[in-house]
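Reader: I have a structure open and would like to go through some of its details with you. Could you put it up, so that we can both look?

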Amino acid sequence: MIASRVVTVRSTGSPASHSNMSEQNNRQDVFSKPKVELHVHLDGAIRLQTILDVARRRGIPLPADTMEELRELIVLRKPTTLTEFLGKFAEYMHVIAGDRDAIKRIAYEFVEDKAKEGVIYVEVRYSPHFLANCDVDPIPWNQAEGDLSPDEVVRLVNEGLRQGERAFHVKVRSILCCMRHMPSWSAEVVELCKKYRHEGVVAIDLAGDESLNCEAYPGHRRAYEEAVRCGIHRTVHAGEVGAACVVKEAVEVLKAERVGHGYRTLEDRVLYKKLLAQNMHFEVCPISSKLTGACNADFTKHPVVTFRKDKANYSLNTDDPLIFGSTLQLDYWMAHEHMGFTPEEFKRLNISSAASCFLPESEKNELLGKLYKAYGMIRSTAF
Ligand SMILES: O=c1[nH]cnc2c1ncn2[C@@H]1O[C@H](CO)[C@@H](O)[C@H]1O
């Protein structure tokens, strides 16, 4: 059941990070209807308590003993840079990576958290290599070599998500990430997408620091070519902090069907017009874009305001709620409070999100039908 009453929005992270205290007390769930989320990182959506529990169980020392101390360490309070933001993962990934129970647990808990946010369909992404401790070079997060491969990571996440789906009645699919700085992993990422396409993996992504290099390495390009060849769906982080040329490459070379963030597309009017005409989907993450320094901290100047004006195809997403101390309701609240988003626009963008999701057509239609019904809208059908 989706709660239909107005409830106060509680952020999991720093209470003062996004606005002043009076705003905080007035935050409400501005759109308590079923939602679709297309851009959220599993490893950026872990519960603080889970990191503490797993660290204790595994005897891994952390510089924090309590939730408050850990929050202090992990949650961003002020806008920073994408590079610095990405450094936050190093505070806790060594706790979860390489541990079978922890990986299943974060996947399961993720679904529960989404259910509480009123999400009925979510596509969650992660790098299988970042959670492994064998058959991965280099072994990430200074872990000792173990026996958990990227392939088994995908199976464990699939299991946790499936159990979560059954327990919390949320439909969940996953996207496997290539990492910008690790082109040597990408061939295996696309192979894993192919191998697990019937077990919930729907697409490939390219994440990481696009400010380091503008052009995708050949390893990524080959992986995306293989994805196209095999009918694996494609999204790419582009134009978040990288220039419009990164978006152009994502769409024209990597054949991305959706763009992760894509804010800087607006700097190339020709490209923007072309993408509008193609109905390209932009996976917008408002709070993220402020705290990574991708966008002006003044939300009234946010690119999504232009996207809305132009009736572009976009979604609203959390990206990494652990690190941003946020929830999906908080992103909606920001859009409502600081950018004037109305319930009608929220309905419209969720319908665009569902129409741009990576489910097969019949399941996509079923999802759209659920939204139309929940929003009290009549679905127009082609004659
Ligand atoms: O906003 C983002 N931009 C680019 N990369 C990101 C962002 N959020 C997370 N990741 C990267 O994606 C990896 C797999 O989930 C994360 O470990 C992080 O390095």
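Reader: Which residues of helix 2 meet helix 3?
Author: In this predicted model, Leu48, Gln49, Ile51 and Leu52 of helix 2 meet Met67, Leu70, Arg71 and Ile74 of helix 3, where contact means heavy atoms within 4.5 Å. By class, that contact has six nonpolar residues, one polar and one charged, with Leu, Ile and Met among those counted as nonpolar and Arg among the charged.

Reader: And what conventions should I keep in mind?
Author: Residues are numbered from 1 along each chain as its sequence is written, and side-chain values use heavy atoms, leaving out hydrogens and water. Because the model is predicted, local features need pLDDT of at least 70 and side-chain atom pairs count only at pLDDT 80 or more, while totals for chains, interfaces and linings use all residues.

Reader: At what angle do helix 2 and helix 3 pack?
Author: Helix 2 (residues 48-58) and helix 3 (residues 67-74), both DSSP runs of H or I with at least four residues, pack at about 110°, with their axes 10 Å apart. They are therefore roughly perpendicular to each other, a label for angles of 65 to 115 degrees.

Reader: Switching to the ligand, which residues come nearest?
Author: Of the 17 residues around the ligand, the nearest are His41, Asp43, Glu240, Asp319 and Asp320; a residue is near if one of its heavy atoms lies within 4 Å.

Reader: Which polar distances go with histidine 41 and aspartate 320?
Author: A side-chain N or O atom of histidine 41 is 2.7 Å from an oxygen atom of the ligand, and a polar side-chain atom of aspartate 320 lies 2.8 Å from a ligand nitrogen; a polar contact is a pair of N or O atoms within 3.5 Å. The protein covers 98% of the 420 Å² of accessible area that the ligand has on its own, by the Shrake-Rupley method with a 1.4 Å probe.

Reader: Where is the cis peptide bond?
Author: It joins aspartate 137 and proline 138, with omega about 0°. Proline 138 sits in the loop between strand 2 (119-126) and helix 7 (150-168), strands being DSSP runs of E with at least two residues.

Note on methods:
Axes are lines fitted to C-alpha atoms, for helices over the stretch in contact, and angles run from 0 to 180 degrees between N-to-C directions. Angles under 35 degrees count as roughly parallel, over 145 as roughly antiparallel, 65 to 115 as roughly perpendicular and the rest as oblique. A polar contact is a pair of N or O atoms within 3.5 Å; within protein, one must be able to donate a hydrogen and the other to accept it, and residues adjacent in sequence count only if both atoms are side-chain atoms.
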